[in-house]
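Colleague: I should like to learn how to read side-chain packing and helix crossings in a model. Could we take one feature at a time?

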Amino acid sequence: MAVGRPPSAKAAPRAEARLSAALGDARARALVQAADATFDGPAVLSTLERLVPALAGAPEAPAGLVVALVQGSEVLARLLALRPGLLRWLAGARLERPWPRERTLAAARGAVSGVAVADRDGLHRRLRRFKARSLLRLAARDLWAHAPLQEVGREQADVAEAVLRAALPPLEAALRVRHGTPNPEGFCVLGLGKLGGGDLNFSSDVDLVYLYRGEGETSGGTHGSVPTLTYYARVAEGLTRALGQVTEDGFCFRVDLGLRPEGRGGPAVLSLRAALHYYERAGRTWERAAWVKGRAVAGDEGLAREFLDGLAPFLWRRSLDFGAVDALRSLKAEIDLRGKASADDVKLGPGGIREVEFFAVALQLLHGGKAPPLRVSNTLLALRRLADAGLLAQRDADALADAYLFLRRVENRLQMVEEQQTQTLPSSPRERLRLARTLGLASAEALDRELDRHRRFVASAFQTLLGQTARNEAPDEPLLALALDAELPDERRAEALEARGFADAEASLRSLERLRRTLLQSGLQEGPGPGLPAAVLLSECARSPDPDQALFFLAEFLSSLVAPVGYLRLLLQRPAVGRRLVGLFGQSAFLSGYFVRNPELLDLLVQESSGGPHKPVERLAAELGGRLARSPLDEERLGAMRRFKNEEVLRIGLADIAGELDVPEVATQLSALADALLDACLFQAEAELRERFGAPRLRAGGRAALAVLGLGKLGGAELGYQSDLDLLFVYQGGGTDEETAGGTRPPIGHPEYFARLVQRLLSLLTVQLREGRLYQVDARLRPSGNQGTLVVSETAFREHHERRAQLWERQALVKTRAVAGDTRFGAALVAQVVVPLVYERPLPAGAAEEIHRHRQRIEVEVAGETAGELDPKAGHGGLVDVEFATQYLQLKSGGRVPAVRRPNTLAALEALQASGLLAPGDALTLRSGYLFHRRVENRLRLVHGRALARLPTTGAPLALLARRLGHGGADPGGAFLAAYRRQAEAVRAAYHRVLLGGPC
């Protein structure tokens, strides 16, 4: 019966006629009647037609038996078509009774008897044929003879054990020819999971652990001697292939070695001593739970018994272990998380098989130390023993057992169809009806009612186990639960990550594995399942603007720590701290990299009562001074300054990302930080120069002062992340004959002294150390630009601007502010020199047009916008539009309205509007555009850690930026770009109205 479109009902009479012709009317009628009672009579009849050779060779085979097999299993129908003689063998078997284990083992050994020692293919072929024959018999017992599930499960386990025991001797014999006898001798196979519990499914994996006696050498053979580790590793490899390798005859059993010490990352075979040492040293609670079902299934039983006896103190604790209770709760949380992701899974879903098994194992672990009768590997037997011990009400034990049996029958039926390891309920009505009919139920609706009844009870019992549940604590993220489940294939986990918004799912899966390993090594997660801690952290990453980046840096941060457990506990116990950290990781690669290299800065996320995100320049200066006082050497002081800056930028960035600082506040904080660092660097440079040359003296007496003037964003207290510092250096006086007092070296003239001082200051600011540089400096706004001297006298500064300065230089001085040096001299210089130069002279004719031409030149030569890239600073309707419009109005009106003489753009706009010099609508437009573009600029620089002005207009980079700016929905990039273009057009229109008196 091929999977797909079933044959039409019209084909049924033709099929009946052909069956009658081949088998006789009476037998054909019996087959047709049996097929009519199935989920799809025509499809079953079509399959029976293909089984005519098998049916003809087995006239004694009951019609109900054949139809039950055809309805229940596509794979067995194909087997009977391929090997017709099996139906006759099956008809002669006594299906109403189970085979004793000894008979199954004898049959397996008989199947491989006579196979040549070196004939691996022959061994594989005979084992697979034995397994197929056994599977057919057990399916018939289940589907037709309605044997109890306990019997069928035990026989399935017997078959797997028999295959192992039959395969091991010929494999060892071949190796002994090559390498001789091992010394010490001894190898065993231990079964866990359903094999260990003697309760295997139709298509279960077999969970195996391989052990050998100890280190030594073989006696030597045709290929020499090898260490016992090598010898037994080859035995284990051969055994795994014998069971799991797919050949033209199929496979015997899929082998899972993931429950061994160190999991899939550990060696495939361990010595007795190494295994016991591992569990004594590093065994975890989930491994205790797994070993409850451990037993010997092949090989040296004495070695297996010695291991299990040695494991008993680890497994069965004499006193109640409260740490184990917490660990069991963690395991329970993993099951909860899997359930969220697997609603249609009868094993992993809510109220599923796994919850019954865990219910029993948890109580066994907690009480088995004092109650040896509880130390059993079979789940149903464990439930009975728990009831006998008074640890579980008999009624609850019976209800859990009934639910377990029903769910296991469902699981078996699902796996019989195609011999696939599945526990997922089918979605198609046809397959749901098949499942119902194979369980003896009339309809899919009746199946749903039975499933709901049993799963509700199991879920309720599981929820109250251990006094709490994780269902409400865990994030409701089914896709993330799938991604976290290491027992699932990587492809399925990556698909889940991609569906949840991770763009590079494969890379993120690698990051996730690093995170899981850290959690496991820290003891904060149990087992290979999802785990509540990992789920909480991954959920935060998924909600960040860039989930891939957030997860990468989270894994990088935690895996780089020598002792991560304290940090992890903090993140899990203080969710707000975890959110801030993951928010940082998802927003800024630049800040995240610094944070990962300096994990002690986690304190910045924790200190919620440290005065808030605002620090005045006085506090910054005091904190910086305290740092520098602890660093007497010049080089140490340079490093201390850079570390201080990095930490403060991190603090500001965190507050920015968290929404605790708005755009003007970010600018104020970054500018205050620059002021403090400039002062500190100037202080150090002056100390060095005074020691060598003495203090600079004025002719009239006293010391000559230096003013450091900030222009541009520094002058306006509007710095952004990674902004350059636009600086002017002016010293007091102007006489060329003035000189220093002299120190360790002779006196020098003021021009040379202040030039050396400024050069040293620039060196301190810009030199690149391990911690980075402090700032890039732009001194091109000084008189005569790059051709002029680096530092000028007050007299030269005044003379240049009175006689030679161009309009753009006057415009630049609008944003002048004294930022370092002698504060009294700096303030006087601005008030007495800069303000008159800027505001108290009439503007030249055509000033607006000249400023506009300058703006156009910047847009063409600097911005160079294209369809693929925009420039929020210099581009169309960008920040420069706002600044030029504002500065033009200040130049035009500042002489008669002193209130508008503000270096800060927003303050100037407010003053211009308040003075009636700017229409309220235009003021609002320019302010909104300024804030919008500055926020975009800040986010771009936070991400990349450099002065980046290019704004992408398509693809993933645009979408990521949009999410970082708070845009969501199906097309965040499109929404952001539309908002950007609206702002730019509005700003450009306001700019034209201000400078040119009309529309664009």
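**Packing around a leucine, then helix pairs**

Modeller: We may begin with a single residue in this predicted model. Leaving aside neighbours within four places in sequence, leucine 727 is in contact with Leu678, Val708, Leu709, Gly710, Leu711, Leu714, Leu765, Val777, Asp778, Ala779 and Val819.

Colleague: Which residues have the most contacts inside the largest nonpolar core?

Modeller: The general idea comes before the case. In soluble globular proteins, nonpolar side chains tend to be buried together. Here the largest nonpolar core has 95 residues, and Leu727 belongs to the group with the most contacts inside it, together with Leu515, Phe585, Phe595, Leu706 and Phe729. Helix α33, residues 663-693, gives the most to this core, with 14 residues. Another core, of 50 residues, lies apart from it and includes Leu709, Leu728, Val900 and Leu912.

Colleague: How should one read the angle between helix α40 and helix α41?

Modeller: One sets the angle against fixed ranges. Helix α40 (residues 879-893) packs against helix α41 (residues 905-914) at about 50°, and their axes are 10 Å apart. That angle makes α40 oblique to α41, and the crossing in which α40 passes α41 is left-handed. On the α40 side the contact has Val882, Glu883, Thr886, Leu889 and Gln890, which meet Thr905, Ala908, Leu909 and Leu912 of α41. By class, these residues divide into 5 nonpolar, 3 polar and 1 charged. Leu912 thus appears twice in our reading: in this contact and among the residues of the 50-residue core.

Colleague: Are α13 and α15 roughly parallel or roughly antiparallel to each other?

Modeller: The axes of helix α13 (residues 272-282) and helix α15 (residues 301-315) come within 10 Å and cross at roughly 15°. Angles under 35 degrees count as roughly parallel, and α13 and α15 are therefore roughly parallel to each other. Their crossing is right-handed. Leu272, Ala275, Leu276 and Tyr279 of α13 meet Leu303, Glu306, Phe307, Gly310, Leu311 and Phe314 of α15. This contact has 8 nonpolar, 1 polar and 1 charged residues.

Colleague: At what angle do α17 and α19 pack?

Modeller: Helix α17 (residues 353-367) and helix α19 (residues 394-418) pack at about 140°, with axes 9 Å apart. That makes α17 oblique to α19, since only angles over 145 degrees count as roughly antiparallel. The contact is made by Ile353, Val356, Glu357 and Phe359 of α17 with Leu400, Tyr404, Leu407, Arg408 and Glu411 of α19. Its residues comprise 6 nonpolar, no polar and 3 charged.

How values were computed: Residues are numbered from 1 along each chain as its sequence is written. This is a predicted model: local features need pLDDT of at least 70, side-chain atom pairs count only at pLDDT 80 or more; totals for chains, interfaces and linings use all residues. Side-chain values use heavy atoms; hydrogens and water are left out. Axes are lines fitted to C-alpha atoms, for helices over the stretch in contact, and angles run from 0 to 180 degrees between N-to-C directions. Helices (H or I, at least four residues) and strands (E, at least two) are DSSP runs, numbered from the N terminus. Angles under 35 degrees count as roughly parallel, over 145 as roughly antiparallel, 65 to 115 as roughly perpendicular and the rest as oblique. A crossing is left-handed if the near helix is turned anticlockwise from the far one by less than a right angle, and right-handed if clockwise. Contact means heavy atoms within 4.5 Å. Ala, Val, Leu, Ile, Met, Phe, Trp, Tyr, Cys and Pro count as nonpolar, Asp, Glu, Lys and Arg as charged, and the others, Gly among them, as polar. A nonpolar core is a set of buried Ala, Val, Leu, Ile, Met, Phe, Trp, Tyr and Cys residues joined through side-chain atoms within 4.5 Å. Buried means under 20% relative accessible area, exposed over 50%, partly exposed in between (1.4 Å probe, protein chains only).
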